[in-house]
Amino acid sequence: MATVNHSIVTEFILAGLTEKPELQLLLFVFFLGVYVVTVMGNLGMITLIGMSSHLHTPMYYFLSSLSFIDLCYSTVIIPKMLVNFVTEKNIISYPECMTQLYFFIFFIISEGHILAVMAYDRYVAICKPLLYNVTMSYQVCSWLVVEVYMMGLIGATVHTGCMLRVVFCKDKIINHYFCDLFPLLELSCSSTYINELVLLCLSAFNILSPTLAIFGSYVSIIASILRIHSTEGRSKAFSTCSSRILAVTVFCGSAAFMYLQPSNVSSMEQSKVSSVFYTTIVPMLNPLIYSLRNKDVKVVLNKLIEKRLLLYFNLMVRDNRSKSILYFHRPVSRKEAVKEKRITPHLKNHTKKSLKSIIPPVFKHTHWIFRSHRRGSKPAERIIDHRTHSSVTEFILSGLTELPEPQLPLFLLFRIYMVTVVGNMGMITLIGLSSYLHTPTCYFLSSLSFIDLCQSTVITPKMLVKFVTEKNFISYTECMTQLYLFLVFAIAEIPMLAAMAYDCYVAFCNPLLYNVIMSYHICFWLTVGVYTLGIIGSTIHTGFMQLFFSKANVVNHYFCDLFPLLQLACSSIYINELLVLGLSAFNILTPALTIFASYRFNISSILHIRSTEGRSKAFSTCSSHISAVTIFYGSAAFMFLQPSNVSSIDQSKVPSVFCTIIVSMLNPMIYSLRNKDVKFALKKIIESRACS
């Protein structure tokens, strides 16, 4: 009977990188960070090379092609890999699996050949510099790139075509985190002899040929470097070559380990580890190794940033005494400034002071040439040396509202701060005193209570001052300190909620493994990770807040928050806005996905409970948790996931009240006081006190 040439299996299940449940969350966060860096690095490199005419050379043409390939094949692999960390079964249909296999092979083969082309380009540049423009002409570079993609297209078509003839009728679980050749061949119940032969031959050609080309190019390059008489020149050249050779070795070595051996010899667990290097790590490292360590790229990047900042700082300052207008013309080096005859004494003292207060902090150690225009006179260049920071020494907090009537009622209302303090402090004390509550769940609850207590203490007392004083002054140092501490605890609260959701997921879905997965060490390191994220985010935001503020020092908010402070800046806030958008998206969306996935599994487990009373009780607990998370995330997302020029500070005051004050008060009630174990422990302590 003839074998039917199509698969019986209609879908597969990807086993993932590991089946250990305690590692899933950590691996999800790690590989999500790797993917974000990969996308930003490679996409940024393509954009930078495209925008700068200085980088329109063969070397950077190939670099942009490499970045495009890295971006594409990491996107083919990593998103589906991340799904496995947050779902119980990562199902992929047969057509999707073959499509993923096709594009993965296409880009991975193209990567090997583009590395060989780049090595050849460096060989011509170093060994035949006089013939470089002729040898590496535009037509030659275009045909080399076309050849690279043709090799990938041919290899992917041949491999996928051979895979389509394989019949799958065994277990449909693929022991890998993506559809790769060997894991698929292991599931076949038809002959794989032709597939293995094609795989061995094409892999040998597509790995060994580029490797030999790269090896030959770098041997010639090293021979040329050894002829350089300058020790510094040799050291610099060797440093560049060693970093490139390292990346090529990691890529080709891990690929050769997987594909240059028969499938019955290779260990799938070993191949998973090696494949991580060339599918996730190498695409992340390539922009750093090949581009960000490159002097030309650094120069172009600095010029683009400087140009963008100058667009913001093309300010005009009027000198009333001389009736002239001074404006930024260009930055100059110290050497050029010393040679310049017309130095700062020509400027009036008050003019120099006003100029120093508005020069961007990124240029605080540079000299600036200004042009002075007076009616009927020619413009004259003058230089000013900027060494000072912001002239603002204090701010005024405008508060929640400026209307005098609601001040007293609001003061009485926000004395709920006492409820927040008593509730959270009481929860920490209760959990500490009762050995019955020394569990992972209560450990995270006490950490959440500590964060809520600290966050509300940073914000509310200063807010209450505004209700009983005419002007609520806060010094520059106090403002930056309040901002730093607020960000530490606000950021830390989000991953803490995610850790609690993960703890709940393990308790519901893996109750027999709960004590193993949520051990003391795991809980401790999760908490350390939570505070580390808060400290890193807060340090970055506060570090980039060293801006120059205008004389209008009224902060339109009830505490020192990011957007209200950025609105007062008279220097560029482009980098600050970019950081706020990027870090806020990461710190809000990543834990939100973890919480969403956890509660999805929790609800699924609850629905399997046969008892109506049990389901009702479990749903009641989950609904209260979800409501608190929704209030917190909704208000935080409304505040931070939009540029400052779009958001209205008056609108953001209302959700920030929920985020900073109301949630901190509700958490002890929602997460703890409705908890049966907490009530039992509280009752026991009261009874023991009464007896004593």
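This is a short group-meeting talk on one predicted protein model.

Okay, hi everyone. Just so we're on the same page, what you see above is a predicted model, so keep that in mind as I go.

Let me start with the overall picture. The chain has 692 residues, and 49% of them are buried. In terms of secondary structure, we've got 23 helices and 10 strands. The accessible surface adds up to about 34,100 Å², and carbon and sulfur atoms account for 66% of that. I also looked at who touches whom: if you take contacts between residues at least 6 apart in sequence, 78% of them join residues at least 24 apart.

Now, one helix to look at is H16, residues 476-509. With 34 residues at 1.5 Å a residue, you'd expect a span of 50 Å, and the end C-alpha atoms are indeed 50 Å apart, so the two agree. How many of the residues of H16 are buried? It's 26 of the 34, so the rest of the structure largely encloses this helix.

Next, a bit of sheet. There's an open one with three strands, in the order S9-S8-S10, and the pairing is mixed. The edges are S9, at 472-475, and S10, at 554-555; each has a single partner strand, so one side of each has no neighbour in the sheet. S8, residues 394-397, runs antiparallel to S9, with four bridges between them. If you want a spot to zoom in on, find Phe395, which sits opposite Ile474 in S9.

On to charges. How many salt bridges turn up when you search the whole structure? Two. One is between the side chains of Lys172 and Glu11, at 3.4 Å from N to O. That pair ties together distant parts of the chain, 161 residues apart: Lys172 is in the loop between H5 and strand S3, while Glu11 is in strand S1. Lys172 has 30% relative accessibility, so we call it partly exposed, and Glu11, at 29%, is partly exposed too.

Then there's Asp121 with Arg122, where the closest N and O atoms are 3.0 Å apart. Buried or exposed, for Asp121? Buried, because its relative accessibility is 1%, and the cut-off for buried is under 20%. Arg122 has a relative accessible area of 17%, so it counts as buried as well.

Let's move to the surface. Trp143, Val146, Met150, Leu153, Ile154 and Val158 make up a nonpolar patch, and together they have about 560 Å² of accessible area. Met150, one of that group, belongs to helix H5, which covers residues 138-164. Its relative accessibility is 40%, so Met150 is partly exposed.

Two asparagines to finish. Asn195 is in helix H7, residues 193-226, and it's buried, at 5% relative accessible area. Which residues does Asn195 contact, leaving aside neighbours within four places in sequence? Those would be Cys162, Met163, Arg165, Val166 and Leu185.

Asn515, on the other hand, is exposed, with 68% relative accessible area. You'll find Asn515 in helix H17, residues 514-517. Its C-alpha lies 8.9 Å from that of Pro440, and those two are 75 residues apart in sequence.

That's it from me. Happy to pull up any of these spots on the screen.

Definitions and conventions: Residues are numbered from 1 along each chain as its sequence is written. This is a predicted model: local features need pLDDT of at least 70, side-chain atom pairs count only at pLDDT 80 or more; totals for chains, interfaces and linings use all residues. Side-chain values use heavy atoms; hydrogens and water are left out. Helices (H or I, at least four residues) and strands (E, at least two) are DSSP runs, numbered from the N terminus. Buried means under 20% relative accessible area, exposed over 50%, partly exposed in between (1.4 Å probe, protein chains only). Patches are made of residues with over 30% relative accessible area and no salt bridge: like charges are joined within 9 Å, nonpolar side chains (Val, Leu, Ile, Met, Phe, Trp, Tyr) within 5 Å. Accessible areas come from the Shrake-Rupley method with a 1.4 Å probe; for residues, only the protein chains shown count as cover. A salt bridge is a side-chain nitrogen of Lys or Arg within 4 Å of a carboxyl oxygen of Asp or Glu. The expected span of a helix is 1.5 Å times one less than its number of residues. Contact means heavy atoms within 4.5 Å. Two strands pair if DSSP finds at least two bridges between them.
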